[in-house]
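Work through the exercises below with the sequence and coordinates open. Each task is followed by a solution in steps.

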Amino acid sequence: MDKSPGIQGDTLDLSPEAEAQLRKLKQRDAEVRAHERAHMAAAGGNAVGGPHYEYQKGPDGKQYAIGGHVDISLSSVDGDPEENEKNAQEVRRAALRIARKRILKMPAIQILRRKIPTL
């Protein structure tokens, strides 16, 4: 059994401030991972690999995602400007879908949507 200070059995003995920080980190981690999954889905075949995350160590010693990104391929097809335009439009639509979802969740936009239902 680990006799490190602050550890009792299998649970951590965290201060109220550390517990609050841990809750925030866990919430942020879930938000970041969901957001990057949405980017992966929206990017479709233009996504290169999986999501990349930036981490912060929590008071429990674990790593929590606090930011991230998905690499997108904008490779061009020589001699096929129509295919290149199609790829660029697909990437643009994917980015706008994600941006629109985030914007529509903002409190000010929620108020406007009640007043102007067509937003």
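## Exercise 1: Helix 1

Task: list the buried residues of helix 1 and check the length of this helix.

Solution. Step 1: in helix 1, the buried residues are A18, L22, L25, D29, V32, E36, A42 and A43. Buried means under 20% relative accessible area, exposed means over 50%, and partly exposed lies in between (1.4 Å probe, protein chains only). Helices (H or I, at least four residues) and strands (E, at least two) are DSSP runs, numbered from the N terminus.

The model is predicted: local features need pLDDT of at least 70, side-chain atom pairs count only at pLDDT 80 or more, and totals for chains, interfaces and linings use all residues. Residues are numbered from 1 along each chain as its sequence is written, and side-chain values use heavy atoms, with hydrogens and water left out.

Step 2: the expected span of a helix is 1.5 Å times one less than its number of residues. For the 28 residues of helix 1 this gives 40 Å, and the end C-alpha atoms are 41 Å apart, which agrees.

Step 3: just after helix 1, G44 takes a positive phi of about 55°.

## Exercise 2: The nonpolar core

Task: find which residues make up the largest nonpolar core and which helix gives the most to it.

Solution. Step 1: a nonpolar core is a set of buried Ala, Val, Leu, Ile, Met, Phe, Trp, Tyr and Cys residues joined through side-chain atoms within 4.5 Å. The largest one has 5 residues: L14, A18, L22, L25 and Y64. Helix 1 (residues 16–43) gives the most to this core, with 3 residues.

Step 2: A18 counts as buried because its relative accessibility is 13%. The C-alpha atoms of A18 and D60 are 8.6 Å apart in space, while the two residues are 42 apart in sequence.

Step 3: leaving out residues up to four places away in sequence, L14 touches E19, L22 and P59; contact means heavy atoms within 4.5 Å.

## Exercise 3: E36 and the hairpin

Task: decide whether E36 is buried or exposed, and place its contacts.

Solution. Step 1: E36 has 4% relative accessibility, so E36 counts as buried.

Step 2: beyond four places in sequence, E36 touches P51, Y53, G68, H69 and V70.

Step 3: Y53 stands opposite G68 in strand 4. Strand 3 (residues 47–57) and strand 4 (residues 63–72) pair in the antiparallel sense over 8 bridges; two strands pair if DSSP finds at least two bridges between them.

Step 4: these two strands form a hairpin with 5 residues between them, and G61 in the turn has a positive phi of about 90°.

## Exercise 4: Salt bridges

Task: count the salt bridges and state how accessible the partners are.

Solution. Step 1: a salt bridge is a side-chain nitrogen of Lys or Arg within 4 Å of a carboxyl oxygen of Asp or Glu. By this rule there are 2 salt bridges.

Step 2: one joins the side chains of E31 and R28 (3.8 Å, N to O). Both residues lie in helix 1, 3 residues apart, about one turn of the helix. E31, at 41% relative accessibility, is partly exposed, and R28, at 35%, is partly exposed.

Step 3: the side chains of R33 and D29 also meet in a salt bridge (2.9 Å, N to O). R33 and D29 are separated by about one helical turn because they are 4 residues apart in helix 1. R33 is partly exposed at 25% relative accessibility, whereas D29 is buried at 12%.
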